[in-house]
Amino acid sequence: METATKADLGGYVQDLVTRPNPHGPQILHLHSGRGLSDQTIQLRLTAARLYYDHLIETGKRGRNPVGRGKYTRRNGFTVVLHPLPGDERPLVRRKPARQPWLPNDEQFTQLLTALTPESLRNQALFLLMYDGALRREELVLLEMTDIDWAHREVTLRPEICKNGSGRLVLFTQATGARLRAYLEYRRTLRPGLGRVFLSESDRNRASGISPDMINKIMRAIALRAGLPPFHPHTLRHLRLTHMARCGISEHIIAEYAGHKSLDTTRLYIHLSGRDISAVVTSRMEDLDAWIASTLKEGEA
């Protein structure tokens, strides 16, 4: 490792890109099943770069074969402030962010129809996950005391949220009706407080469900609806997109989702061309009418 060259590091990256991925068949959004993700490769290169920095500091190497910036034909590993056309050749090509699949209105109707044969628990958790734009971990860690029935609100405690920032989310009357019906049944499993959603299996009866169980439930609903790309996080994307379609500002959506950055919120909002067209048309209607009127006056 102490004598590795840039070519050796290039071979290492090529191996990371092409090696079989043992988890490939289990990941719905990776179709090839080969190679590590760009983020994983970048992390491994960072570890290698820091190791060679250490060797340079201890006098065992003169240069870092990983380098910083991009690999260019002209200057090797360096940051080129004014690259020529076709000059840059990154060691790891950055792929454009892939937009997640979202169901259209007809497909969402199929999902809701496929929800009907499910148990009260599964119906309640599906709808609550959508209403609150919840992550799997947030849903499974909900406690009975987190529900405010008077205001139809759910308090997400900081300790169960991804970024450690708590928030309030809402649920609809339809969701509340199914949630109340499920909680009546829940009392037969475990009276009193504790986790909202409990396992009904013989092995883990009355214990809190796991994120893996959420995956299985959503997978069954997706297959019944004939929509294999659907997965638990789809509901979070869909809810935030629906909020944007209803004209709710990005700042409110970010607070609702628990995002610290609006850039993160924008990754979750997937407006179609028709959505954008409708907003632009409605908001610009008066101005467009004024332009048309002015043009007619000019022609007269």
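Let me begin in the loop between α4 (120-131) and α5 (136-140), where Ala133 lies. Please keep in mind throughout that this is a predicted model. The phi angle of Ala133 is near 50°, a positive value in a residue other than glycine. Is Ala133 buried or exposed? Its relative accessibility is 0%, so Ala133 counts as buried.

A second alanine deserves mention alongside it. Ala206 lies in the loop between α6 and α7 (211-225). Here phi is near 75°, again a positive value in a residue that is not glycine. Ala206 has a relative accessibility of 15%; because buried means under 20%, this residue also counts as buried.

I turn now to the sheet. Its three strands follow the order β3-β4-β5, the sheet is open, and the pairing is antiparallel. Which strands stand at the edges? They are β3 (147-148) and β5; each has a single partner strand, so one side of each is left without a neighbour in the sheet. As general background, the strands of a sheet pair through backbone hydrogen bonds, in either a parallel or an antiparallel manner.

Let us look at the pairing of β4 with β5. Strand β4 (residues 153-156) is joined to β5 by four bridges, and the two run antiparallel. Thr155 has Leu168 of β5 as its bridge partner, and Leu156 has Arg167 of β5.

Strand β5 itself, residues 167-170, shows an alternation of side chains. Arg167 and Val169 point to one face and are buried. Leu168 and Leu170 point to the other face and are not buried.

The next topic is salt bridges. How many salt bridges does the structure hold? There are 11, and I shall present some of them.

In helix α6 (residues 173-189), Arg187 and Glu184 lie three residues apart, about one turn of the helix. These two residues form a salt bridge, with the closest N and O atoms 2.8 Å apart. With a relative accessible area of 48%, Arg187 is partly exposed. Glu184 has a relative accessible area of 52% and is exposed, because the cut-off for exposed is over 50%.

Other salt bridges share partners: Arg135, Glu138 and Arg167 are joined in this way into one network. Within that network, Glu138 and Arg135 form a salt bridge whose closest N and O atoms are 2.6 Å apart. Both Glu138 and Arg135 are buried. Arg167 is the β5 residue described earlier, with its side chain on the buried face of that strand.

A further salt bridge joins the side chains of Arg157 and Glu159, at 3.2 Å from N to O. Glu159 is exposed, with a relative accessible area of 59%.

Finally, I come to the surface. Which residues make the nonpolar surface patch of about 490 Å²? They are Met284, Leu287, Trp290, Ile291 and Leu295. Of these, Trp290 lies in helix α12 (residues 285-299). Trp290 counts as exposed because its relative accessibility is 53%.

To close, I would return to two points. Arg167 belongs to strand β5, where its side chain is buried, and Arg167 is also part of the salt-bridge network with Arg135 and Glu138. Trp290, by contrast, is exposed and contributes to the nonpolar patch.

Key:
Residues are numbered from 1 along each chain as its sequence is written. This is a predicted model: local features need pLDDT of at least 70, side-chain atom pairs count only at pLDDT 80 or more; totals for chains, interfaces and linings use all residues. Side-chain values use heavy atoms; hydrogens and water are left out. Buried means under 20% relative accessible area, exposed over 50%, partly exposed in between (1.4 Å probe, protein chains only). Two strands pair if DSSP finds at least two bridges between them. Patches are made of residues with over 30% relative accessible area and no salt bridge: like charges are joined within 9 Å, nonpolar side chains (Val, Leu, Ile, Met, Phe, Trp, Tyr) within 5 Å. Accessible areas come from the Shrake-Rupley method with a 1.4 Å probe; for residues, only the protein chains shown count as cover. A salt bridge is a side-chain nitrogen of Lys or Arg within 4 Å of a carboxyl oxygen of Asp or Glu.
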